[in-house]
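Below are my comments on the model you sent round. They are set out as numbered points, moving from the overall fold to single residues.

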Amino acid sequence: MEGLDQEDQKIVTLARSARARTGAAEGAAVRDETGRTYAAATVTLPSLRLSALRLAVAMAVSSGATALEAAALVSEADAVDPADLAAVADLAPGAPVYQAGPMGGCVRAVEP
């Protein structure tokens with residue numbers, strides 16, 4: 001994950017771990033304004049579907065976060081879902097979202 005500082009590398013690693021631990025389609029992690037991190041995986045139940053990134057944002061908000069510094073998404077998808085970017089932008093319009101593949105380093109950084 002060349003070019004990322006240690007804190008950004010940490011959230012990419014947490015996102016990758018959340019995905020691998022559950023075998024989910026996606027894993028995500030966010031870091032709030034105090035440095036706390038929240039990791040999540042895609043939830044796919046008959047009555048509930050949540051993307052990993054939206055769930056990580058929700059976890060941060062439900063824990064009292066009022067802003068985000070950065071987010072990471074690990075997925076095989078070519079692009080970050082616009083609804084995921086919107087969830088990050090609600091708390092941090094300029095925060096980078098690091099998109100990475102499940103096996104490799106950081107693919108790209110996008111802004112909400």
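The points below cover the fold as a whole, then the strands, then one helix.

1. Status of the model. The coordinates are a predicted model, and local features are reported where pLDDT is at least 70. Everything below should be read with that in mind.

2. Overall fold. The protein has three helices and seven strands. In sequence order these elements give α-β-β-β-β-α-β-α-β-β. The radius of gyration is 12 Å, close to the 13 Å that the globule rule gives for 112 residues, so the protein is as compact as a globular protein of that length. The C-alpha trace spans about 35 × 30 × 25 Å along its principal axes.

3. Burial and contacts. Of the 112 residues, 43% are buried. Among contacts with a separation of 6 or more, 56% are between residues 24 or more positions apart. The accessible surface is about 5,600 Å², with 54% of that belonging to carbon and sulfur atoms.

4. Strand S1. This strand covers residues 26-32, and seven of its seven residues are buried. In a regular strand, side chains alternate between the two faces of the sheet. Here Glu 26, Ala 28, Val 30 and Asp 32 point one way, while Gly 27, Ala 29 and Arg 31 point the other way. Both sets are buried, charged residues included; Glu 26, Arg 31 and Asp 32 are among them.

5. The S1-S2 hairpin. S2 spans residues 37-41 and pairs with S1 in the antiparallel sense over five bridges. Four residues lie between the two strands of this hairpin, and Gly 35 in the turn has a positive phi of about 95°. Across the pairing, Arg 31 stands opposite Thr 37.

6. Strand S5 and its two neighbours. Residues 68-75 form S5, and seven of its eight residues are buried. S5 runs antiparallel to S1, with seven bridges between them. With S6, S5 runs parallel, and four bridges join the two. Specific partners on the S1 side are Ala 28 with Leu 73 and Asp 32 with Leu 68. On the S6 side, Ala 72 is the bridge partner of Tyr 98.

7. Asp 32. Is this residue of S1 buried or exposed? Asp 32 has 0% relative accessibility and therefore counts as buried, the limit being under 20%. Its side chain makes a polar contact of 3.1 Å with that of Tyr 38. Leaving aside residues up to four places away in sequence, Asp 32 touches Tyr 38, Ala 65, Ala 67, Leu 68 and Glu 69.

8. Ala 100. This residue lies in S6, which covers residues 97-100. At 1% relative accessibility, Ala 100 also counts as buried. Its C-alpha atom is 8.1 Å from that of Glu 76, and the two residues are 24 apart along the chain.

9. Helix H3. In this helix, residues 82-91, the buried positions are Asp 84, Leu 85, Ala 87, Val 88 and Leu 91. Viewed down the helix axis, the buried residues fall within an arc of 155°, so they line one face of H3. Pro 82 and Asp 90, on the other side, are exposed. At the N-terminal end, Asp 81 acts as the cap, with a side-chain oxygen 2.6 Å from the backbone nitrogen of Ala 83.

How values were computed: Residues numbered from 1 in each chain as written. Predicted model: local features only at pLDDT ≥ 70, side-chain atom pairs only at ≥ 80, totals over all residues. Heavy atoms only, no water. Buried < 20%, exposed > 50% of the residue type's maximum accessible area, 1.4 Å probe, protein only. Arc of directions from axis to C-beta. Polar contact = N/O pair within 3.5 Å; in protein donor to acceptor, adjacent residues only side chain to side chain. Contact = heavy atoms within 4.5 Å. Rg over C-alpha atoms; globule rule 2.2 N^0.38 Å. Areas by Shrake-Rupley, 256 points an atom, 1.4 Å probe, with all protein chains shown as cover. Pairing = 2+ DSSP bridges.
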